[in-house]
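This report goes through one protein chain, from its overall make-up to its salt bridges. Please look at the sequence and the structure before reading on.

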Amino acid sequence: AVPSCGVELPAVDVATAREQGFAKQTAGAAVSERVGLLEGRDPHSWLTAGRRGRDALLAEAVAVALGQVERAGRIRQLQQAPGPAAVKTNLPETKGMRARLFGSVASGLGAHT
C-alpha cells in the first residue's frame, strides 16, 4: 500500500452513503448532492477549498508510488552488486526498504546501540 494525501469526507455524508449502500451512492456523491455541486464525481476540489481536485490527488499518489518503486529497484541493484559497492543487509524483506537501508548504513558505520 502506498500512503497518499487523504481528503476527509464529512461524517454526515459517509453515513448517508452507508444508508443508501456504497454500491448505489459514494460518500463523495453524497457530498456533491448535499452542497449542490454540478460535478458530482469530484467533490475533492470543494473539500480542499479549490486547492486540489480528484485528478491532481490521484496523479500525486501515482507519482509518489512510482518514485518509491524506482528507489526500491535502485537499492536492490546495490544489494546485488558484487564487491565493496554492494549494500549488504541482514534484515528480512518484510521490514521495508527504509528499515533495510538505514540498518545497512548504521551497521556499516559501526553504530552501537
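A residue is called buried when its relative accessible area is under 20%, exposed when that area is over 50%, and partly exposed in between. In this predicted model, buried residues make up 19% of the 113 residues in the protein chain.

The protein chain holds five helices and zero strands. Read from the N terminus, its elements run α-α-α-α-α. The surface that the protein chain exposes comes to about 8600 Å², and carbon and sulfur atoms supply 57% of that area. Among the contacts with a separation of 6 or more, 22% are between residues 24 or more positions apart.

Helix H4 covers residues 54–80. At 1.5 Å a residue, the 27 residues of H4 should span 39 Å. The C-alpha atoms at the ends of H4 are 39 Å apart, which agrees with that expected span. The buried residues of H4 are Leu57, Ala61, Ala72, Ile75 and Gln79.

How many salt bridges does the model have? The count comes to two salt bridges. The table lists them.

| Salt bridge | N to O distance |
|---|---|
| arginine 34 and aspartate 13 | 2.8 Å |
| glutamate 70 and arginine 74 | 2.3 Å |

Take the pair of arginine 34 and aspartate 13, whose side chains meet at 2.8 Å, N to O. This pair links distant parts of the chain, with the two positions 21 residues apart in numbering terms: arginine 34 lies in helix H2 (residues 27–35), and aspartate 13 lies in helix H1 (residues 11–20). Are these two residues buried or exposed, or something in between? Arginine 34 has a relative accessibility of 44%, so it counts as partly exposed. Aspartate 13 has a relative accessibility of 2%, so it counts as buried.

The other salt bridge joins the side chains of glutamate 70 and arginine 74. Both residues belong to helix H4, and because they are four residues apart, about one helical turn separates them. An α-helix has 3.6 residues a turn, so residues three or four places apart point the same way. Glutamate 70 is partly exposed, with a relative accessible area of 45%. Arginine 74, with a relative accessible area of 51%, is exposed, because the cut-off for that class is over 50%.

Definitions and conventions:
Residues are numbered from 1 along each chain as its sequence is written. This is a predicted model: local features need pLDDT of at least 70, side-chain atom pairs count only at pLDDT 80 or more; totals for chains, interfaces and linings use all residues. Side-chain values use heavy atoms; hydrogens and water are left out. A salt bridge is a side-chain nitrogen of Lys or Arg within 4 Å of a carboxyl oxygen of Asp or Glu. Buried means under 20% relative accessible area, exposed over 50%, partly exposed in between (1.4 Å probe, protein chains only). The expected span of a helix is 1.5 Å times one less than its number of residues. Contact means heavy atoms within 4.5 Å. Accessible areas come from the Shrake-Rupley method with a 1.4 Å probe; for residues, only the protein chains shown count as cover.
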